[in-house]
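Please look through the structure below with the sequence at hand, and follow the paragraphs that come after it one region at a time.

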Amino acid sequence: MSPFFSFTIDAECPGSWARAGTMQTPHGTIRTPIFMPVGTQATVKSVSPEELRAAGAQIILANTYHLMLRPGSALIDSFGGLHSFMHWDGPILTDSGGFQVFSLGHLRKLSEEGAAFKSHLDGSPHLLTPESVMRIEAELGADIILPLDICAAHPCTAVEAKVAMERTHRWAERALIAKEQYRPEQTLFGIVQGAFEPALRQESASFVGNLPFAGLSIGGLSVGEPKAMMWDLLRYVTPALPRGKPRHLLGVGSPEDLVIGVGMGMDMFDCVLPTRVARHGGLFTNDGRVNIKSARFRVEHGPVEEGCDCYTCQNYSAAYVHHLARTEEQLYYRLGSIHNIRFMLRLAQRLRESIMDGTYPAFRDEFIARYIPASEKVREEQREKWQAARRT
Ligand SMILES: [Zn+2]
């Protein structure tokens, strides 16, 4: 048992796999289920650490790939790590960079040693290995860190899925050994892979779950497969995971995903979606996602959502937020992001309360019945747009 990390289960739902827990890290306590806002470049876009804190953020995520390239992990280390560099004194989780590297396509080359790639910024060559990722993440100094893994593409063959999973397992063992020489106060989670093969998912959950990792991240999902397939795969993953370790569903985090994922036994979620859609005008309400730029808000004197306790809704009319969004004013990005982040964190809090008082299944069913998510078609179009934007 590490003196720097613990996870205790406070309540479990008898009618589903939902549970409420408490995690202790060197930078504070996290009550689960929890949503983690994503600060790709050591900043949650357009929102200050004080505003994040006020919105109820307990832990944020930062991206190793982006930060190792710019400004560089050594520079961040010279500032005492991410916490002091970015002025956020709460818990931080860094991913391994694997996902971004595998998204680079032709710019990367895989071998047993690691992943060689060319920077999307200047074309400079880099090599990520399970060992170098542990060093880079030690320099970044997050509370929870992830090992290098291989995220198979969707779709992929069963053979490709198996090869990627087995190499991810060997890399997990190498990461555990390499981690020994760095900061003991950092906690290493394992990553479950297995692509879209139920048997491989089960095998990976059991293999990685039994290694001495303090928690488990489920990787390789929400990469373009239908939502139903993702939930179906979790049916194989969750029962194979040890009960006592926290479970993180990597890169997943729309409101409906959070509500359903909790029932599938997941404790932690992260996604750029809430802040990204906010910047495009998409704001969350209990009835679903609305477009603040639409004409219906032009003369709306009330807030974006009646009863919302976020800074935006407490202080500004929907008409004003609509005006800022239409004129693409800087303040809009901040106000829109704050509303969506607060929505996600309040949702996580309500999920936790429902698990604690034994009403989670009813809460889930009511939420899903009322909330109208973006349709599969709309999501697909958005994903294509974002992927195109990333390539440029
Ligand atoms: Zn609000």
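Which residue in E2 does Phe7 stand opposite? Before answering, it should be said that this is a predicted model, and that the residues are numbered from 1 along each chain as its sequence is written. The residue facing Phe7 is Met23 in E2, and the two strands concerned, E1 and E2 (residues 19–25), run antiparallel and are joined by 6 bridges. They belong to an open sheet of 3 strands, arranged in the order E1-E2-E3 with antiparallel pairing. Because E1 and strand E3 (28–32) stand at the edges and have a single partner strand each, one side of each is left without a neighbour in the sheet. From one strand to the next, the twist in this sheet averages 15°.

Strand E1 also leads to another feature, the second largest pocket, since strand E1 (6–12), helix H7 (158–179) and strand E11 (187–192) each supply at least two residues of its lining. The volume of this second largest pocket is about 480 Å³, and 19 residues line it, those closest to its centre being Ser2, Thr187, Pro212, Phe213 and Ala214. Sorted by class, the lining of the second largest pocket comprises 10 nonpolar, 5 polar and 4 charged residues.

Further along the chain there is an open sheet in which 3 strands follow the order E7-E8-E9, again with antiparallel pairing. Its edge strands are E7 (108–110) and E9 (125–128), each of which pairs on one side only, and the twist averages 15° from one strand to the next. Within this sheet, E7 and strand E8 (residues 115–118) pair in the antiparallel sense over 3 bridges, and Lys109 stands opposite Ala116 in E8.

The last region to consider is the zinc site. Which protein atoms serve as donors of the zinc ion? They are the SG atoms of Cys308, Cys310 and Cys313 together with ND1 of His339, lying 2.1 to 2.3 Å from the ion. The arrangement is tetrahedral because the 4 donor atoms around the zinc ion subtend angles of 102 to 113°, where the criterion for four donors is that all angles lie between 85 and 135 degrees. In sequence, the donor residues of the zinc ion follow the spacing C-x1-C-x2-C-x25-H. Distant parts of the chain are linked here, with Cys308 in the loop between strand E16 (288–291) and helix H12 (311–315), and His339, 31 residues apart from Cys308, in helix H14 (residues 330–356).

Definitions and conventions. Predicted model: local features only at pLDDT ≥ 70, side-chain atom pairs only at ≥ 80, totals over all residues. Heavy atoms only, no water. Pairing = 2+ DSSP bridges. Helix = DSSP H or I, 4+ residues; strand = E, 2+ residues; numbered from the N terminus. Axes fitted to C-alpha atoms, helices over the stretch in contact; angles between N-to-C directions. 1 Å grid on protein atoms, 1.4 Å probe; cavity = no way out; pocket = protein on both sides within 12 Å on 5 of 7 lines; lining within 4 Å. Points joined across faces, edges and corners; volume = space filled by probe spheres on them. Nonpolar A, V, L, I, M, F, W, Y, C, P; charged D, E, K, R; others polar. Donors = N, O, S within 2.8 Å, 3.2 Å for Na, K, Ca; no water. Tetrahedral: all angles 85-135°; square planar, octahedral: opposite > 155°, others 65-115°.
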